[in-house]
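Thanks for making time this morning; I would like to walk through one model with you. Please have the sequence and the coordinates open while I talk.

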Amino acid sequence: MRYSDEPLLETPPPLKLSEPRPAGALANTTLSLVSQLASGAFTAILTLFLVRALGATRHGSFALATSVGTLVAFPADFGVSSSAARFVAENRMLPARVAEIVADAVRLKVIATILACGALVLAAPVIAHAYHAPLTGPLRLIAVAIVGQN
């Protein structure tokens, strides 16, 4: 990795931070609260809709496929996002280096996601057989959704 092996040639100047404004902190906190409330409300509405639209058996299959997809999505990130954020923060005053870091992170994340989701697509029949449920289609759709999400 080019950006971690090279020594930093120049020390960036410290950022000048202004005093936090109470109104800004209050506005950010309020926005965060409203966002969390809206997310919870939409999740509740979607869950109630899916239970009614899919029925108990198909909703169970959907929930199981979503859970397996979540287990695949975690290793697909492989710590790339948090590592990239750290390196970007360390090199924030060097735009060329930040561009390299972001490009490498995106490349790694795309490769890891495609490999993990490809494995899920190939393993879908085996997982469906293990659960004695018609999960092959939903697992493959979840894999496609994960690739699109990441």
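Let me begin with a question: is His132 buried or exposed? His132 is exposed, since its relative accessible area comes to 69%, which is above the 50% cut-off for that label. This residue lies in the loop that joins helix 4 to helix 5, and it has a positive phi of about 55 degrees although it is not a glycine. There is a second case, Phe78, in the loop between helix 2 and helix 3, where phi is near 55 degrees, again a positive value in a residue other than glycine. Phe78 also counts as exposed, at 70% relative accessibility.

Before going further, I should say that this is a predicted model, so a word on confidence is in order. The average pLDDT over the chain is 86, and 85% of the residues score at least 70. Confidence is lowest in helix 1, residues 2-5, where the mean is 56, whereas helix 4 has the highest, at 94.

Now to the interior. The largest nonpolar core has 14 residues, and those with the most contacts inside it are Ala65, Leu120, Leu135 and Leu139. Two or more residues each come from helix 2 (22-77), helix 4 (95-131) and helix 5 (136-149), with helix 4 giving the most, 5 residues. If we leave out residues up to four places away in sequence, Ala65 touches Leu135, Pro138, Leu139 and Ile142. Separate from this is a second core, of 5 residues, which includes Val80, Ala84, Phe87 and Ile101.

Let me turn to helix 5, which has 14 residues and reaches 20 Å from its first C-alpha to its last, close to the 20 Å expected at 1.5 Å a residue. Which of its residues are buried? They are Leu139, Ile142, Ala143 and Ile146, and because they fall within an arc of 105 degrees when seen down the axis, they line one face of helix 5. On the other side of helix 5, Leu141, Val144 and Gly148 are exposed.

Helix 3, residues 80-90, can be read in a similar manner, with Val80, Ala84 and Phe87 buried. These residues cover an arc of only 65 degrees around the axis, which puts them on the same side of helix 3, while Ser82 and Arg86 are exposed on the other side. As general background, an α-helix has 3.6 residues a turn, so residues three or four places apart point the same way.

Note on methods. Residues are numbered from 1 along each chain as its sequence is written. This is a predicted model: local features need pLDDT of at least 70, side-chain atom pairs count only at pLDDT 80 or more; totals for chains, interfaces and linings use all residues. Side-chain values use heavy atoms; hydrogens and water are left out. A nonpolar core is a set of buried Ala, Val, Leu, Ile, Met, Phe, Trp, Tyr and Cys residues joined through side-chain atoms within 4.5 Å. Buried means under 20% relative accessible area, exposed over 50%, partly exposed in between (1.4 Å probe, protein chains only). Helices (H or I, at least four residues) and strands (E, at least two) are DSSP runs, numbered from the N terminus. Contact means heavy atoms within 4.5 Å. The expected span of a helix is 1.5 Å times one less than its number of residues. The arc is that of the directions from the helix axis to the C-beta atoms. pLDDT is the predictor's confidence in each residue, from 0 to 100.
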